[in-house]
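Work through the exercises below with the structure open beside you. Try each task before reading its solution.

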Amino acid sequence: MLPMPARPLFSILFFAALLPLSLLAQAPAPPAIILHAAHLLNVEKASLISPGEILINGNHIAAVGTTVPHPPGARVIDLGPLTLMPGLIDAHVHLFLHPAPDENLQTVDESVPERTITATLQARADLLAGFTAERDMGTEGAGSADTAVRDAINSGEIPGPRLRITGNAISITGGHEDALGFNPALHIPGNATYADSTDQLIHVIRTQIKQGADMIKIYQTGHDRMVNGMLVAPYQYTEAQLAAAVAEAHRLRTEVGVHCTTEPAALYAAQAGVASIDHALYLSAETEALMKQKQIFAVPTLTIFEYFAAHAPNAAAAAREQAFFDFHTAQFRKQVAAGVPMAVGSDVGPFPHGTQAREFVLMNKYGMPAADVLRADLINGARLLMWPDQIGQLKPGFYADIIAIDGDPLADISAVTRVKFVMKNGVIYKSQDKIQPEGAQP
Ligand SMILES: [Zn+2]
């Protein structure tokens, strides 16, 4: 079979052929945009400049300062008392999950087309809440349907964050997300793709990348229990198996993130060189040291644990979930004190999309200074999502992923829950303020 050019290229060439050359030459560049607001956050320095201005050309930031050049014809958007900052990053989301009495049954009750429509609406909700980039950590039984969502966002067909997607997460037979407890004769589908050996892991990784995954998600712990005040869960893959998965991911120029709640699973993951250890309820001192040495990020996902404790179906479940949350927050304090590298991810999906800025508030409440939470989200998040020096800061040459919030996030981190303006890739998705041409009277 002859190789075919990719469709977008084919379409562009086809339509370009129909246009007179003179029209092509005259296609005007979109007007520059200038955002002006009372304040602007410098994440690296953890400081505000006042006022703040950003010049945007196309989908990139061209200049940042208290004032910037105002090219003729530029649109000036005055955001009044707000604070400009980089778009938020959520390093752990599930666009294909929504709040439900039992999230595992979404695979049983809902078709993949239905779940894909839900995912598009939830991508929009996240974007309007200020999240301009996200790592989706598994479709939970919807296969590679996240590829279609990411591609529709990238082509501008639907609004949503810049996405790194992982397809369907990988687990072991009888392990996490394997539809346990049902009548075996019914063959209830699990919410993961199963791999029990190194060869199977590599096969699944290759298949998922072929189907569009940007990164790989592996479940590294099974069922969690509290035993005498300690979190216990079986590990799912050996260090050697995870190291083979990481090597395969690296061969494909990508990274592995693991769902991992406790030890020795976390040590195996850190030794294998994963990019992130998500949930990370318990990390041994040895694992913490390895994570610092290798710059492996913990992604604590405190919000999901708080939500489950508050929304349990009965008192016994509420007590169990609260015990997990209390253990988690106490360990999180220790991890912060130990200097474990952190990124910010909420595990949104089982709780409502668009509300996950709560994660910033909880990380701050349980021991991380606001400036460090913001750096964890924006600078570490950009690295974890493999967009370093492209997102997460307001600097010339970075993508124009910019939000404006009501308040100073360094003084009150909850300001990130009050997002009034959203721009992603130079396109405005949310604005409550007047837009006027340069030089016009207000
Ligand atoms: Zn998750």
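**Exercise 1: Where the domains meet**

Task: In this predicted model, find how many residues of domain 1 are in contact with domain 2, and which elements they come from.

Solution.
- Step 1. Count the contact residues. 16 residues of domain 1 are in contact with 21 residues of domain 2.
- Step 2. Look for elements that give two or more residues to the domain 1 side. These are strand S20 (419–424) and strand S21 (427–430).
- Step 3. Pick out the top contributor. S20 gives the most to this side, with three residues.
- Step 4. Sort the residues of the domain 1 side by type. They divide into 11 nonpolar, two polar and three charged.
- Step 5. Set the domains in the chain. The domain assignment gives 28–86 + 395–437 for domain 1 and 88–384 for domain 2. The C-alpha centres of the two domains lie 31 Å apart.

**Exercise 2: The surroundings of S20**

Task: Explain why S20 is described as largely enclosed, and find which strands pair with S20.

Solution.
- Step 1. Check burial. A residue is buried if 20 or more other C-beta atoms lie within 10 Å of its own. Five of the six residues of S20 are buried, so S20 is largely enclosed by the rest of the structure.
- Step 2. Take one partner, strand S19 (residues 402–405). S19 and S20 run antiparallel and are joined by four bridges. Here Ile405 stands opposite Val419 of S20.
- Step 3. Take another partner, S21. S20 and S21 are also antiparallel, over three bridges. Val422 stands opposite Lys430 in S21.
- Step 4. Inspect the turn. The hairpin of S20 and S21 has two residues between the strands, and Asn425 takes a positive phi near 55° there.

**Exercise 3: A parallel sheet**

Task: Give the strand order of the open sheet that holds S8, name its edges, and find which helices pack on S8 and S9.

Solution.
- Step 1. Recall the principle. Strands of a sheet pair through backbone hydrogen bonds, either parallel or antiparallel.
- Step 2. Read the order. Three strands form the open sheet as S8-S9-S10, with parallel pairing.
- Step 3. Find the edges. Strand S8 (88–93) and strand S10 (162–165) each pair on one side only. Neighbouring strands are turned by 15° against each other on average, direction ignored.
- Step 4. Follow one pairing. Four bridges connect S8 with strand S9 (residues 131–136). Leu88 has Phe131 in S9 as its bridge partner.
- Step 5. Add the helices. Helix H4 (residues 112–128) lies across S8 and S9, at about 135° to S9. Helix H13 (residues 370–384) touches S8 and S9 too, and its direction makes about 55° with that of S8.

Note on methods
Residues are numbered from 1 along each chain as its sequence is written. This is a predicted model: local features need pLDDT of at least 70, side-chain atom pairs count only at pLDDT 80 or more; totals for chains, interfaces and linings use all residues. Domain bounds come from an automatic or database domain assignment. Two residues are in contact if their C-beta atoms, placed from the backbone, lie within 7 Å. Ala, Val, Leu, Ile, Met, Phe, Trp, Tyr, Cys and Pro count as nonpolar, Asp, Glu, Lys and Arg as charged, and the others, Gly among them, as polar. A residue is buried if 20 or more other C-beta atoms lie within 10 Å of its own, exposed if 12 or fewer, and partly exposed in between; C-beta atoms are placed from the backbone. Two strands pair if DSSP finds at least two bridges between them. Axes are lines fitted to C-alpha atoms, for helices over the stretch in contact, and angles run from 0 to 180 degrees between N-to-C directions.
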